Amino acid sequence: MGQEISSPVHTPVLLNEAIEALDVQAGGRYIDCTVGGGGHAAAILENSSPGGQLLGIDADPEAVKTARVRLEAFGKSVLIENNNFINLEAICIKNDFMPVHGILFDLGLSSLQLNSGGRGFSFQHDTPLDMRFNPEQRVSAADIVNTSSEAELAYIIRTYGEESCGYRIARCIVRERPLKTTAELAGVIEQAVPRRGRIHPATKTFQALRIAVNHELENLEAVLKQAVRLLGFEGRLVVISYHSLEDRIVKRFMQQESKGCICPPGTPICICKHTPCLKLISRKVITPSPEEVNNNPRSRSARLRVAERIITQDEWCETADRLCFLGKADAGGRKKPSIMMKERLKTIAVN
Ligand SMILES: C[S@@+](CC[C@H](N)C(=O)[O-])C[C@H]1O[C@@H](n2cnc3c(N)ncnc32)[C@H](O)[C@@H]1O
């Protein structure tokens with residue numbers, strides 16, 4: 001998200017769109033992998049009442065505290081874990097929380113994190129250069145800024161910040177370090193590159209450092225595969241991202257997993273044996289309305305993508321075999337799934 005001062009309360013982005021994309025139903029079971037201030041989670045719980053359940057995850061212990069208070073009224077319908085979503089499958093197994101009807105990721109950081117003193121996410125406040133979602137992580141932004149080589153810094157700033165002046169900024173950082181605070185770093189960047197328009201020249205470098213500190217792109221790549229495995233038949237995967245690097249990962253993943261053969265073009269016969277496990281619900285990315293951007297300028301870069309879990313032919317056969325074995329379906333289900341089979345599949349983990 002951009003670097004602007006805003007209210008200390010986090011306003012959930014694309015809220016109605018996310019609830020619709022998740023197709024939230026009474027009695028459904030949902031996971032919010034980035035529970036943050038609990039805004040999306042509260043709406044999911046309200047819309048899945050009666051009987052809905054939600055597992056909320058956040059890497060930031062402060063966010064978890066806020067979410068617990070916000071969601072207290074939902075009692076036993078909600079379970080909140082302070083953990084990194086890279087451990088999603090393990091968390092679900094531990095809590096016996098699978099399969100699920102929908103999984104939401106609302107990536108990036110919240111207004112609470114951006115505005116809270118001492119976290120180092122924003123150059124609007126002069127605080128130590130930290131940027132860790134979880135203070136128990138080993139490496140902070142100060143470690144990266146003060147110990148990386150010039151080439152490493154330039155790579156981080158150019159790749160994760162998509163900053164064309166990455167080399168120049170890296171050179172200035174190396175010359176001026178040690179840099180301990182957000183104001184010191186922002187000051188060096190301001191000297192290195194001229195201000196272009198309204199955007200502060202340090203914006204992209206701060207984004208780059210945050211992504212590097214928290215391994216945001218690697219974690220996203222790895223968790224999407226886990227999420228698909230946790231979805232029941234027709235379960236929805238919904239991801240809200242805030243910059244093109246995240247959105248590209250989500251778009252590619254959903255496109256690839258909704259295709260059959262993914263062999264390189266020109267391959268005479270299919271060797272990949274890839275079968276689709278997702279169906280795209282909306283081919284076009286969903287963005288906030290002008291009213292939402294007006295009311296909440298931080299929403300302007302948000303992009304929502306949604307896909308639905310489908311069952312591959314192999315999974316049909318395997319599950320039908322299991323149901324036949326248990327005496328819960330007849331062998332006919334193996335070839336053409338009946339309505340009854342479809343309903344059963346919604347409640348049975350597909351893997
Ligand atoms: C944009 S905020 C979510 C706001 C939330 N949807 C709401 O309505 O309040 C993103 C949250 O994701 C968390 N987060 C980012 N990466 C994470 C990860 N790998 N594992 C767990 N939580 C993560 C951040 O700590 C932050 O609280």
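This briefing covers a mixed sheet, the helices packed on that sheet, a helix pair and one loop residue. The model is predicted. Its open sheet has 7 strands with mixed pairing. Helices α7 and α8 cross at roughly 135 degrees, and I310 lies in the loop between β7 and α14.

**Sheet architecture**

- The strands of the open sheet follow the order β3-β2-β1-β4-β5-β7-β6.
- Strands β3 (78–82) and β6 (278–280) form the edges, each of them pairing on one side only.
- On average, and with direction ignored, neighbouring strands of this sheet are turned by 20 degrees against each other.
- Strand β1 (residues 29–32) and strand β4 (residues 100–106) run parallel and are joined by 3 bridges.
- For Y30, the bridge partner in β4 is G102.

**Helices packed on the sheet**

- Helix α1 (residues 15–22) packs on the sheet, where it touches β1, β4, β5 (231–241) and β7.
- The direction of α1 makes about 160 degrees with that of β5.
- Helix α3 (residues 61–70) also packs on the sheet, with β2 (53–58) and β3 as the strands it touches.
- The direction of α3 makes about 165 degrees with that of β3.

**The α7/α8 pair**

- Two packed helices are described by the angle between their axes and the distance between the axes.
- For helix α7 (residues 150–161) and helix α8 (residues 166–176), the axes come within 8 Å and the crossing angle is roughly 135 degrees.
- Because angles over 145 degrees count as roughly antiparallel and 65 to 115 as roughly perpendicular, α7 and α8 are classed as oblique to each other.
- The crossing of α7 and α8 is right-handed.
- On the α7 side, the contact is made by E150, L153, A154, I157, R158 and G161.
- On the α8 side, the contributing residues are G166, Y167, I169, A170, R171, I173 and V174.
- Classified by residue type, the contact of α7 with α8 comprises 8 nonpolar, 2 polar and 3 charged residues.

**Loop residue I310**

- I310 is located in the loop that connects β7 (303–309) with α14 (313–325).
- I310 has 18 other C-beta atoms within 10 Å and is therefore partly exposed, since a buried residue would have 20 or more and an exposed one 12 or fewer.
- Residues up to four places away in sequence being left out of the count, I310 touches P276, C277, L278 and K279.
- The C-alpha atoms of I310 and G235 are separated by 8.1 Å, although these residues are 75 residues apart along the chain.

Terms used. Residues numbered from 1 in each chain as written. Predicted model: local features only at pLDDT ≥ 70, side-chain atom pairs only at ≥ 80, totals over all residues. Helix = DSSP H or I, 4+ residues; strand = E, 2+ residues; numbered from the N terminus. Contact = placed C-beta atoms within 7 Å. Axes fitted to C-alpha atoms, helices over the stretch in contact; angles between N-to-C directions. Parallel < 35°, antiparallel > 145°, perpendicular 65-115°, else oblique. Left-handed = near helix turned anticlockwise from the far one by under 90°. Nonpolar A, V, L, I, M, F, W, Y, C, P; charged D, E, K, R; others polar. Pairing = 2+ DSSP bridges.
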